[in-house]
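Q: Please give me a close look at a single part of this protein. I am new to reading structures, so take it step by step and then show me what surrounds that part.

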Amino acid sequence: MAARIMNLPKHGLCHLMRTSALARHYAGSTGSASPPQFTTLSVDDKTGIATLTLNRPPANALNAAFMGEIARSIKELEKSKCRGLILTSSSERIFCAGLDLKECYQAEASHLQGIWVALQNLWHTLYSTPLITVALINGHTVAGGGMLALSSEYRIMLPNFKIGINETMVGLAVPMWLIDTYLNVIPNRRVAEWDLTASRIYKSEHALKAGLVDELAASKEQGLERAVAFISSYPKHSLVARAITKRQFREKDLKNFEDNRQHDLEIFLSNIQKPNVQSYLGEYLESLKKKA
Ligand SMILES: CCCCCCCCCC/C=C\CC(=O)SCCNC(=O)CCNC(=O)[C@H](O)C(C)(C)COP(=O)(O)OP(=O)(O)OC[C@H]1O[C@@H](n2cnc3c(N)ncnc32)[C@H](O)[C@@H]1OP(=O)(O)O
């Protein structure tokens with residue numbers, strides 16, 4: 001795959017957007033002059049398929065800046081009329097460890113608010129995008145990381161990693177928009193309810209059996225090939241009809257989210273600041289450190 005950002009003048013799939021132009025565009029849309037910090041974006045000029053690589057070591061933990069960057073890249077790719085997006089990680093062990101818990105611990109309310117709004121926006125952007133989306137899960141992906149994978153349309157995972165939504169483990173309820181996202185992948189309500197209430201984390205092989213992921217790939221290279229094959233399986237002439245159909249499937253979930261966006265934020269802020277949740281979060285962070 002050509003690792004560069006450029007246009008596809010022949011068939012008009014992607015407009016010219018070199019790295020510096022992209023940086024200028026980010027500056028325009030965010031008010032900040034800084035170029036992407038935590039991701040790299042490449043677009044294959046032949047296929048019109050973009051690869052967005054998450055690169056915030058050590059765990060690709062999501063803070064507001066990182067989430068904003070991912071969401072803006074998706075919006076840019078939509079405007080440039082790329083056909084598909086592959087999300088993957090630069091780490092060999094972790095696709096995404098969810099929200100940056102260090103930033104959720106003993107933080108100001110305004111900071112927590114920024115994190116949650118960025119998470120809401122990222123979910124909305126990824127879940128609603130007309131792009132054909134594939135998560136190439138080349139490492140563990142939990143909580144907010146699970147959200148990234150499940151909001152994509154197709155999941156290819158490497159063996160021996162973990163995937164799941166573990167919010168109840170940290171003493172917090174799973175928001176309705178994430179339940180809807182889960183049900184979009186695992187429509188068996190009983191299984192979904194059990195998974196989410198029990199914070200069930202699947203190993204890759206079991207996730208495949210359960211339908212949480214669609215394919216296993218032996219290596220990242222093979223996964224990339226499979227991701228390109230999935231996106232390319234949609235003929236060019238069907239892309240608009242495809243996108244409308246995708247939107248119709250997801251419309252109810254998106255509307256429910258919009259109707260409850262503010263309430264969802266208030267619930268998060270109220271729960272995350274509770275002394276028992278903060279105290280548990282502190283212990284949980286210690287346990288992550290002790291592992292090292
Ligand atoms: C309480 C928070 C808000 C709850 C909101 C409720 C509403 C639900 C909505 C759902 C959406 C988002 C919520 C979240 O995402 S909460 C995040 C929960 N995430 C986790 O519980 C993951 C914790 N991490 C792990 O389980 C493991 O790290 C791993 C991902 C399985 C990888 O294991 P590993 O053995 O390969 O690596 P490990 O040594 O554990 O970690 C490497 C370093 O990365 C640091 N780290 C890991 N996860 C996080 C994190 N989430 N935030 C910040 N830092 C993280 C870890 O401390 C190591 O650092 P160091 O090398 O020791 O410095």
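A: Let's start with the contacts in this predicted model. Among those between residues at least 6 apart in sequence, 73% join residues at least 24 apart. Keep that in mind as we follow the chain, which has 292 residues, 39% of them counted as buried. Its secondary structure consists of eleven helices and ten strands.

The part to zoom in on is strand S5, residues 132-137. Is this strand enclosed or open to the outside? Six of its six residues are buried, so S5 is largely enclosed by the rest of the structure. Now follow the directions of its side chains. In a regular strand, side chains alternate between the two faces of the sheet. You can trace this here: Ile132, Val134 and Leu136 point one way from S5, while Thr133, Ala135 and Ile137 point the other way. Both sets are buried.

Next, look at what lies beside the strand. Strands of a sheet pair through backbone hydrogen bonds, and the pairing can be parallel or antiparallel. One partner of S5 is strand S3 (residues 84-89), paired with S5 in the parallel sense over four bridges. To find this pairing on your screen, look for Gly84, which stands opposite Ile132 of S5. Another partner is strand S7 (residues 154-157), which also runs parallel to S5 and is joined to it by four bridges. Two places mark this pairing: Val134 has Tyr154 in S7 as its bridge partner, and Ile137 stands opposite Met157 in S7.

S7 is worth a look too. Tyr154 and Ile156 point one way from S7, Arg155 and Met157 point the other way, and all of them are buried. From S7 the pairing carries on to strand S10 (residues 215-216), which runs parallel to S7 and is joined to it by two bridges. Here Met157 is the residue to find again, since it stands opposite Leu216 in S10. So Met157 faces Ile137 of S5 as well as Leu216 of S10.

Now pick out one residue of S5 and look around it. Leu136 sits in strand S5. The cut-off for a buried residue is 20 or more other C-beta atoms within 10 Å. Leu136 has 26 C-beta neighbours inside 10 Å, so it counts as buried. Which residues does Leu136 touch, leaving out those up to four places away in sequence? They are Ile86, Leu87, Thr88, Ile156, Gly223, Leu224 and Ala227. You can recognise some of the strands we have just met: S3 covers residues 84-89, and Ile156 belongs to S7. For a sense of scale, Leu136 and Pro159 are 23 residues apart along the chain, and their C-alpha atoms are separated by 12 Å.

Leading into S3, there is a loop between helix H2 (64-79) and that strand, and Ser80 has its place there. The burial cut-off of 20 C-beta atoms applies here as well. With 21 other C-beta atoms within 10 Å, Ser80 is buried. From Ser80 to Gly48 is a step of 32 residues in sequence, and their C-alpha atoms are 9.7 Å apart in space.

Let's widen the view to another sheet. This one is open and has four strands in the order S4-S6-S8-S9, with mixed pairing. Its edge strands, S4 (94-96) and S9 (201-203), each pair on one side only. On average, neighbouring strands of this sheet are turned by 25° against each other, direction ignored. Within it, S8 (residues 162-164) runs antiparallel to S9 and is joined to it by three bridges, with Gly164 facing Ile201 of S9 as its bridge partner. Helix H5 (residues 144-151) packs on this sheet, touching S4, S6 (140-142) and S8, and its direction makes about 95° with that of S6.

That brings us to the ligand. It is surrounded by 31 residues, and the closest are Ala59, Ala97, Gly98, Ala143 and Gly144. The elements giving two or more residues to this shell are helix H3 (101-104), S6, H5 and helix H11 (275-291). The largest share, four residues, comes from H11. By class, the shell has 20 nonpolar, four polar and seven charged residues.

Notes
Residues are numbered from 1 along each chain as its sequence is written. This is a predicted model: local features need pLDDT of at least 70, side-chain atom pairs count only at pLDDT 80 or more; totals for chains, interfaces and linings use all residues. Two strands pair if DSSP finds at least two bridges between them. Axes are lines fitted to C-alpha atoms, for helices over the stretch in contact, and angles run from 0 to 180 degrees between N-to-C directions. Two residues are in contact if their C-beta atoms, placed from the backbone, lie within 7 Å. A residue is buried if 20 or more other C-beta atoms lie within 10 Å of its own, exposed if 12 or fewer, and partly exposed in between; C-beta atoms are placed from the backbone. A residue is near a molecule or strand if its C-beta atom, placed from the backbone, lies within 6 Å of it. Ala, Val, Leu, Ile, Met, Phe, Trp, Tyr, Cys and Pro count as nonpolar, Asp, Glu, Lys and Arg as charged, and the others, Gly among them, as polar.
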